[in-house]
Number of protein chains: 2
Amino acid sequence: MKISFIGSGNVATALGLALKSSNHEILQVYSRNLENAVQLTQELSAKAINDLSRLDDGADVYILAVPDDVIAPLAVNFPFKNKLIIHTSGTVDIAVLKAASSLNGVLYPIQTISRNKVIDFRMVPLAVEGSTDGVLHVLTDMARSVSDRVLELDSPRRKVLHLAAVFACNFSNHFYAIAEKILANEGLSFDLIQPLIVETATKTQILSPAEAQTGPAARRDFNTISQHLEYLSNSPDLKSLYQLITQSIIDSRKSK
Amino acid sequence: MKISFIGSGNVATALGLALKSSNHEILQVYSRNLENAVQLTQELSAKAINDLSRLDDGADVYILAVPDDVIAPLAVNFPFKNKLIIHTSGTVDIAVLKAASSLNGVLYPIQTISRNKVIDFRMVPLAVEGSTDGVLHVLTDMARSVSDRVLELDSPRRKVLHLAAVFACNFSNHFYAIAEKILANEGLSFDLIQPLIVETATKTQILSPAEAQTGPAARRDFNTISQHLEYLSNSPDLKSLYQLITQSIIDSRKSK
């Protein structure tokens with residue numbers, strides 16, 4: 001297929017490279033700032049543009065890979081009312097794209113994508129949604145050409161999936177950051193708990209996290225819990241977090 | 001060295017096998033229930049006992065690898081007042097072992113150890129502490145024989161390290177479990193977010209978690225946050241957690 005990107009960030013880069021490797025042709029990459037798109041267009045053998053009115057009408061799919069809050073304004077300015085346009089967001093409703101074209105859809109890569117860390121795109125689950133059966137068919141085929149894990153997901157369920165990802169990943173990462181800070185206060189390196197962090201995450205592949213739960217709260221070790229709370233008494237915010245999550249762990253095991 | 005274990009659980013198993021591979025000799029493994037120790041003693045070519053009075057006095061080190069709350073009672077019943085005894089806990093103070101022997105110490109593997117998941121023990125950081133310089137020297141040598149990452153850590157700092165691990169691992173795992181529940185409510189498989197969980201954890205190896213933070217709270221996307229809170233309105237506990245952690249992420253980025 002012939003594909004153009006609106007946006008030149010991490011998702012556009014990873015998805016663009018994966019699509020090109022699977023023999024799709026990338027025509028153009030739009031970026032407000034032309035310089036941002038130059039490196040990517042070289043890798044994709046595509047053309048960089050910084051003006052939506054210069055978008056070529058020859059693409060089969062236009063992929064809006066931009067921050068959530070600019071999807072709607074860009075959709076309004078999309079020039080081809082009968083061309084297929086999709087976005088890649090976990091949270092934005094498909095309905096936002098109606099303003100762009102009647103042929104619209106979503107391809108949401110369920111992964112955190114950084115520019116400086118290569119991922120195996122074939123292992124990235126892709127959630128697809130289409131405004132028509134035909135669109136869904138086209139998107140499913142395109143998604144399968146780059147990933148082994150493609151599923152259909154409507155906007156409400158995609159948003160719930162994103163909420164689950166916020167708990168499992170954004171919140172966990174915040175706790176990594178809190179741990180880093182606690183360690184730094186004692187002059188200890190974050191490196192010390194990295195193997196533990198990776199092992200805890202990897203363990204979910206063989207054991208349900210509810211069953212894998214360990215630690216003072218899981219074993220109702222109130223002696224250790226009270227030592228931890230005492231240590232945190234100078235950080236009231238961390239103390240509140242510790243108490244609430246500890247209680248949540250205890251409650252979740254009661255209800256089993 | 002000649003080593004005996006008091007305890008036959010996951011830590012005794014992993015540490016025992018690592019020590020045996022490094023040419024230490026495992027003499028005995030004590031377990032309340034003899035059956036629990038039989039498989040391990042076969043793998044270690046050691047002898048199983050279920051009575052502390054049958055402990056052979058020929059070992060150089062006795063390793064108490066038991067749940068935190070039985071370290072103190074077992075220490076009191078340790079029969080050799082001048083033999084080196086150590087425990088493997090992140091939270092229990094070294095002072096608890098004074099009741100057992102004047103020669104005592106700690107070897108805390110900073111890793112979550114399961115029976116059914118093999119880990120590379122050479123990559124496990126080991127925190128050691130000794131009641132004397134001589135003990136510390138012996139323990140450091142023993143630790144280095146099985147791991148490339150050995151550090152000296154006194155009891156107060158070891159407890160802080162453990163607290164950091166509770167945030168980074170126990171709490172993260174609880175959020176994996178919450179995510180699993182949120183997904184199950186929509187008939188979605190936890191598999192869908194496993195690559196994301198592993199990638200988020202692995203990313204800490206190349207990027208500080210504070211810098212790596214993404215998601216609605218990090219980008220102050222109050223529209224998505226309020227959609228999430230609305231979805232959670234039937235789960236007041238989860239809603240409180242979501243609010244408190246979201247606020248904590250927002251606050252932590254203000255203070256930068």
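Modeller: Buried area is the accessible area, taken with a 1.4 Å probe, that two parts lose on being put together, summed over both. The structure discussed here is a predicted model.

Biologist: How much area is buried between chain B and chain A?

Modeller: The contact draws 85 residues from chain B and 85 residues from chain A. Carbon and sulfur atoms give 67% of the area buried between the two chains, and that area comes to about 8100 Å².

Biologist: Which helix of chain B gives the most to the side that touches chain A?

Modeller: Across this interface the rule finds 33 residue pairs in polar contact, both residues being at pLDDT 80 or more. On the chain B side, at least two residues each are supplied by helix 5 (155–185), helix 6 (194–203), helix 7 (209–212), helix 8 (222–231) and helix 9 (236–254). By class, the residues on that side divide into 45 nonpolar, 27 polar and 13 charged. The most, with 25 residues, comes from helix 5 of chain B.

Biologist: Which residue of chain B meets R219(A) in a salt bridge?

Modeller: Side chains of opposite charge can pair when their charged atoms come close. Two salt bridges are found across the interface of chain B and chain A. In the one formed by R219(A), the N to O distance is 3.3 Å, within the 4 Å that the rule allows, and the partner is D68(B).

Biologist: How many residues apart in sequence are the parts that D93(B) and K159(B) tie together?

Modeller: Over all chains the count comes to twelve salt bridges. One of these joins D93(B) to K159(B), with the closest N and O atoms 3.4 Å apart. Because D93(B) lies in the loop between strand 5 (84–87) and strand 6 (104–109) of chain B, whereas K159(B) lies in helix 5 of chain B, the pair ties together parts whose separation in sequence is 66 residues.

Biologist: What is the volume of the largest cavity?

Modeller: Rolling a probe the size of a water molecule over the atoms shows where empty space is left. A search of the whole structure finds one cavity of 30 Å³ or more, and the volume of the largest cavity is about 40 Å³.

Biologist: Which elements give two or more residues to the lining of the largest cavity?

Modeller: The lining includes Y242(A), T246(A) and I249(A) from chain A, and V166(B), N170(B) and F171(B) from chain B. By class, the lining has seven nonpolar, five polar and no charged residues. The elements that give two or more residues to this lining are helix 9 (236–254) of chain A and helix 5 of chain B.

Notes:
Residues are numbered from 1 along each chain as its sequence is written. Chains are lettered from A and ligands numbered from 1 in the order in which they are written. This is a predicted model: local features need pLDDT of at least 70, side-chain atom pairs count only at pLDDT 80 or more; totals for chains, interfaces and linings use all residues. Side-chain values use heavy atoms; hydrogens and water are left out. Contact means heavy atoms within 4.5 Å. A salt bridge is a side-chain nitrogen of Lys or Arg within 4 Å of a carboxyl oxygen of Asp or Glu. A polar contact is a pair of N or O atoms within 3.5 Å; within protein, one must be able to donate a hydrogen and the other to accept it, and residues adjacent in sequence count only if both atoms are side-chain atoms. Helices (H or I, at least four residues) and strands (E, at least two) are DSSP runs, numbered from the N terminus. Ala, Val, Leu, Ile, Met, Phe, Trp, Tyr, Cys and Pro count as nonpolar, Asp, Glu, Lys and Arg as charged, and the others, Gly among them, as polar. On a 1 Å grid over the protein atoms alone, a cavity is a set of points where a 1.4 Å probe fits but cannot get out, and a pocket is an open set with protein on both sides within 12 Å along at least five of seven lines; lining residues have an atom within 4 Å of a point. Grid points are joined across faces, edges and corners, and a volume is the space filled by probe spheres set on the points.
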